[in-house]
Amino acid sequence: IAANPGGQLKYNTTALSAKAGNVMISFTNMAPLGHNVTVASASGTVLGATPTFQSGSKTLSLSLKPGTYKFYCSVPGHRAAGMEGTLTVQ
């Protein structure tokens, strides 16, 4: 997954899928703003997040059960602007 390099508040995808178990999400941010990837359960409980950073890549590793999760940028205003998506774990 990657942040929009032009500075728009969006990721390059709004849908991710993975197999249950150890899920690794690699996030690249070459945008001029700091971003992160935060993963939350359907009920909104935050399960993990990358640090907020710019100019580079970070990897988030989580142990997930089958289900639907949300991923989003937790920097204030970014999620509301559309920087979010759905992670489906099977």
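Tutor: A residue is called buried under 20% relative accessible area, exposed over 50%, and partly exposed in between. The model discussed here is predicted.

Student: Why is Arg 79 called partly exposed?

Tutor: The relative accessibility of Arg 79 is 32%. Partly exposed is the class between under 20% and over 50%, so Arg 79 counts as partly exposed.

Student: What makes the meeting of the Glu 84 and Arg 79 side chains a salt bridge?

Tutor: The rule asks for a side-chain nitrogen of Lys or Arg within 4 Å of a carboxyl oxygen of Asp or Glu. Between Arg 79 and Glu 84 the N to O distance is 3.0 Å, so the pair satisfies the rule.

Student: How many salt bridges does this rule give?

Tutor: The count comes to one salt bridge.

Student: Is Glu 84 buried, partly exposed or exposed?

Tutor: Glu 84 has a relative accessible area of 28%, and is therefore partly exposed.

Student: Why is Ser 55 called exposed?

Tutor: Exposed requires over 50%. Ser 55 has 54% relative accessibility, so it counts as exposed. Ser 55 is located in the loop between β4 and β5.

Student: What makes the phi of Ser 55 noteworthy?

Tutor: Phi of Ser 55 is near 60 degrees, a positive value in a residue other than glycine. Most residues other than glycine have a negative phi.

Student: How do you know that β3 and β6 are paired?

Tutor: Pairing needs at least two bridges between the strands. Three bridges join β3 (residues 38-40) to β6 (residues 67-72), so the two strands pair. They run antiparallel, and Ala 40 stands opposite Lys 70 in β6.

Student: Why are β1 and β4 called edge strands?

Tutor: The open sheet has five strands in the order β1-β7-β6-β3-β4, with mixed pairing. β1 (15-18) and β4 (46-49) each have a single partner strand, so one side of each is left without a neighbour in the sheet. From one strand to the next, the twist averages 25 degrees.

Student: Which residues have the most contacts inside the largest nonpolar core?

Tutor: They are Tyr 11, Val 39 and Leu 87, in a core of 20 residues. At least two residues of this core come from each of β2 (21-29), β5 (56-64), β6 and β7 (84-89).

Student: What is Tyr 11 in contact with, leaving aside its neighbours within four places in sequence?

Tutor: Contact means heavy atoms within 4.5 Å. Among the residues in contact with Tyr 11 are Ile 1, Phe 27, Val 37, Phe 71, Met 83 and Glu 84.

Key
Residues numbered from 1 in each chain as written. Predicted model: local features only at pLDDT ≥ 70, side-chain atom pairs only at ≥ 80, totals over all residues. Heavy atoms only, no water. Helix = DSSP H or I, 4+ residues; strand = E, 2+ residues; numbered from the N terminus. Axes fitted to C-alpha atoms, helices over the stretch in contact; angles between N-to-C directions. Core = buried A, V, L, I, M, F, W, Y, C linked by side-chain atoms within 4.5 Å. Buried < 20%, exposed > 50% of the residue type's maximum accessible area, 1.4 Å probe, protein only.
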